[in-house]
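Take a walk through this model, starting with the vocabulary and ending at the ligand. Keep the sequence at hand as you read.

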Amino acid sequence: MTVDAETIRYRAATGDTPAAVDLLDQTRIPAELERLVCESLPELHDAIVRLVVRGAPAIGIAAAYGVTLAPVDSSASPEPASPEDVRRCYYDAIEYLATSRPTAVNLFWALDRMRGIVEASTDETIGDLPQRLIDEATAIHDEDRSMCRAMGKHGATLLGDCQTVLTHCNAGGLATSQYGTALSPIYYLHEKGHTLNVFADETRPLMQGSRLTAWELSQAGVPVTVCIDSMAGSLMQRGLVDAVIVGSDRIAENGDVANKIGTYPLAVLARYHDVPFYVVAPTNTFDLELASGDLIPIEQRSEDEMRYTLGADSNVHTKGRMAVPREASVINPAFDVTPADLVTAIVTEQGVIKQPTREKVQQHFAAIQTPAS
Ligand code: MRU
């Protein structure tokens with residue numbers, strides 16, 4: 001995102017003011033630009049569950065900062081907490097935050113890094129642990145910025161001949177630290193003078209495409225046209241889409257990709273119409289412990305997200321009109337899995353994996369571990 005509306009800010013404790021994770025409230029965009037300041041773990045956990053902060057990398061960054069809100073000093077005892085108690089308090093915070101959303105692996109990746117810092121503390125260095133945790137969360141945040149930029153550069157090499165691309169959900173600056181994953185190549189090209197036209201799927205039921213992607217691209221001066229999710233086939237049939245580009249919440253070792261529900265049918269349509277289907281995600285979105293996409297846990301969200309239209313001011317948590325009769329059942333999985341075979345290329349901060357397979361994903365990671373001299 002190139003507007004002055006940072007998704008996540010960290011407020012360090014000063015005097016009587018406690019530390020806080022300060023979030024741009026994504027449930028209210030585009031009607032209102034409001035921030036939600038979370039000073040406690042339950043507030044931050046709830047903000048992740050309610051999608052105040054959402055998008056795989058942003059969830060990881062917010063949770064990393066969230067660990068620093070663990071109530072280590074709130075013991076009723078006048079005695080200072082023992083090193084063991086301090087560590088237990090942080091481990092509990094990590095476990096609690098890990099229960100917020102199940103699909104985006106970036107959450108667990110970021111929490112693992114924070115756990116590593118707690119594990120590395122000794123009784124002698126325990127006093128430094130709070131600052132070390134803040135430093136680690138800040139590093140995760142900063143690294144995401146440079147990874148997004150690198151994905152933009154690599155992804156741009158695939159879109160050079162395109163005029164119009166279609167995207168689904170929101171994989172932009174709002175979903176990350178800055179620039180985004182799938183939107184980063186679009187911003188990169190825009191800065192270089194090649195402005196693409198973007199079709200943004202509405203992305204029912206929570207409208208991340210029409211509310212968030214359309215908002216942030218417009219702020220950046222990139223022309224965006226919102227289309228209902230079921231329109232993608234007709235747009236491709238009419239030759240109006242040069243490429244589909246999406247983010248991901250988790251990629252299995254064989255290259256199968258989990259992303260917002262509705263991504264898989266887009267990939268099928270793209271294959272039928274001979275349109276390239278690109279996935280852009282940092283390497284921390286890969287879960288190499290999962291052999292294939294059918295092992296990726298898929299979040300099931302509240303029925304109410306479908307039973308009611310969005311409430312006043314596009315607030316996704318204020319119930320609007322009834323949209324489904326009470327007698328009917330609804331089913332609301334938040335993500336689906338696209339088989340690797342339908343993916344033209346996966347772009348990471350390290351480069352491009354064309355026609356991904358298990359072997360190519362393994363080679364991509366092996367090259368990171370042993371960089372060419
Ligand atoms: O439920 P959400 O809004 O968190 O879903 C987000 C997505 O599906 C994004 O496409 C994905 O996290 C990639 S974001 C860089």
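Helices and strands here are DSSP runs, numbered from the N terminus: a helix has at least four residues, a strand at least two. The model is a predicted one.

With those labels, begin at a loop. Met207 sits between β5 and α7. Its phi is near 60°, a positive value in a residue that is not glycine. The loop between β5 (197–201) and α7 (208–219) also holds Pro205. The peptide bond joining Arg204 to Pro205 is cis, with omega about 5°.

Now move towards the N terminus. Pro30 lies in the loop that runs between β2 (20–24) and β3 (35–38). Look at the bond leading into Pro30 from Ile29: this peptide bond is cis too, and omega is near 10°.

Next comes a sheet. It is open, has 4 strands and runs in the order β11-β8-β9-β14. The pairing is mixed. Which strands form the edges? They are β11 (286–287) and β14 (335–338), each of which pairs on one side only. Follow β14 across to β9. These two strands pair in the antiparallel sense, over 4 bridges. Pick out Val257 to see the register: its bridge partner in β14 is Thr338.

Strand β9 leads on to the ligand. Both β9 (257–260) and α2 (56–67) supply at least two residues each to the shell around the ligand. The shell residues divide into 6 nonpolar, 8 polar and 4 charged. Which of the 18 residues around the ligand come nearest? They are Arg54, Ala56, Arg101, Asn259 and Lys260.

Turn to the polar contacts. Lys260 places a polar side-chain atom 2.7 Å from an oxygen atom of the ligand. For Arg101, an N or O atom of the side chain is 2.8 Å from a ligand oxygen atom. The side chain of Asp249 also has an N or O atom at such a position, 2.9 Å from an oxygen atom of the ligand. How much of the ligand does the protein bury? Taken alone, the ligand exposes 410 Å², and the protein buries 100% of that.

Finally, consider the space itself. The ligand takes up the largest cavity. Around that space, α2 and β9 each give at least two residues to the shell. Trace β9 outward once more, and you return to the sheet, where β9 pairs with β14.

Note on methods
Residues are numbered from 1 along each chain as its sequence is written. This is a predicted model: local features need pLDDT of at least 70, side-chain atom pairs count only at pLDDT 80 or more; totals for chains, interfaces and linings use all residues. Side-chain values use heavy atoms; hydrogens and water are left out. A residue is near a molecule or strand if one of its heavy atoms lies within 4 Å of it. A polar contact is a pair of N or O atoms within 3.5 Å; within protein, one must be able to donate a hydrogen and the other to accept it, and residues adjacent in sequence count only if both atoms are side-chain atoms. Accessible areas come from the Shrake-Rupley method with a 1.4 Å probe; for residues, only the protein chains shown count as cover. On a 1 Å grid over the protein atoms alone, a cavity is a set of points where a 1.4 Å probe fits but cannot get out, and a pocket is an open set with protein on both sides within 12 Å along at least five of seven lines; lining residues have an atom within 4 Å of a point. A molecule sits in a cavity or pocket if more than half of its atoms lie within 2 Å of its grid points. Ala, Val, Leu, Ile, Met, Phe, Trp, Tyr, Cys and Pro count as nonpolar, Asp, Glu, Lys and Arg as charged, and the others, Gly among them, as polar. Two strands pair if DSSP finds at least two bridges between them.
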